[in-house]
Amino acid sequence: MRKKHPFDPLIEAIITARSPDALGKALEDFSHSHGFAHFAYLRLDGSQWRAVSNYPSDWVDRYYSENFSQIDPIVRAVKRGAHPFCWSLYDAVLNRERPEVIAFRDEAIAHGIVAGLSIPIRVGFSHQAVLTFASSDTDCLKDAVKMDIIEAAAAAAMLHFAFSMRRNRWSRASARNLSNFEATCLRWVAEGKTLQDVADLLEEKYSKVRVSVDRAKGKLDAVTLQQATAVAARLMLI
């Protein structure tokens, strides 16, 4: 059995997600499992930007109202570079910034945003986005600096695609009402894995996988497991 990489569960959750809420849950799970308290996906379109995050609501409101994206040093670094990078607002270089940037830094720290990992996403036609994971201390950086930047970039690009392009897929999936776990099991089966393989990969009991697959077959009006995976693939549920 191959060894899983840190971003594998997130990538798999993105592939099988059928709603923005499911993507948010996947990001939150990844954050907590790697020592981050917060996540944020920001789409940067010139002066316009959109965000999906679990940052404190009062900080998000303030960020919007004050248009902090124009002075946020992390956003500026994203616009300058193409590779994932770790950061800390305790970095002494920020002490040499303009007063408004220093004030922004101090306010962010007061809201529990101290350090993290940011992954730039180039989305074409001079537009950009970023996926950021953040924490209230620098302990999160111990593991973050060891993460594979290529895999991180792949996960972020897939997330951007999911948020941007899958409205039709999500609506079809909602009608069929497959759970995230059922869809994940079917996807692994479609990849040629046995149910025992799936149980091992997901670190779940065989009985749970078996019951979930049977339930998925019923929802898809499928007689066999092979038919269930074919129907799910045709409907873009996996």
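**Close-up 1. Helices and strands come together around the largest cavity.** In this predicted model, the lining of the largest cavity draws at least two residues from each of β1 (38-45), β2 (48-53), α3 (57-65), α4 (73-80), α5 (99-110) and β5 (127-135). Take a good look at α3 here: the largest share of the lining, four residues, comes from this helix.

**Close-up 2. A look into the middle of the largest cavity.** The space inside comes to about 260 Å³, and 20 residues line it. Nearest the centre you'll find Leu42, Tyr55, Trp59, Tyr63 and Asp72. As for the character of the lining, 17 of its residues are nonpolar, two are polar and one is charged. If you go hunting through the rest of the model, the count is two cavities of 30 Å³ or more.

**Close-up 3. Two cysteines that don't pair up.** The model has zero disulfides. Cysteine 86 is in no disulfide, and the nearest cysteine sulfur, that of cysteine 140, sits 7.6 Å away. A disulfide needs the two sulfur atoms within 2.5 Å, so this pair doesn't count as one. Seen from the other side, cysteine 140 is in no disulfide either, with the sulfur of cysteine 86 as its nearest cysteine sulfur.

**Close-up 4. The surroundings of the two cysteines.** Which of the labels fits cysteine 86: buried, partly exposed or exposed? Cysteine 86 is partly exposed, with a relative accessible area of 31%. Cysteine 140, on the other hand, is buried, and its relative accessible area is just 3%.

Methods
Residues numbered from 1 in each chain as written. Predicted model: local features only at pLDDT ≥ 70, side-chain atom pairs only at ≥ 80, totals over all residues. Heavy atoms only, no water. 1 Å grid on protein atoms, 1.4 Å probe; cavity = no way out; pocket = protein on both sides within 12 Å on 5 of 7 lines; lining within 4 Å. Points joined across faces, edges and corners; volume = space filled by probe spheres on them. Nonpolar A, V, L, I, M, F, W, Y, C, P; charged D, E, K, R; others polar. Buried < 20%, exposed > 50% of the residue type's maximum accessible area, 1.4 Å probe, protein only.
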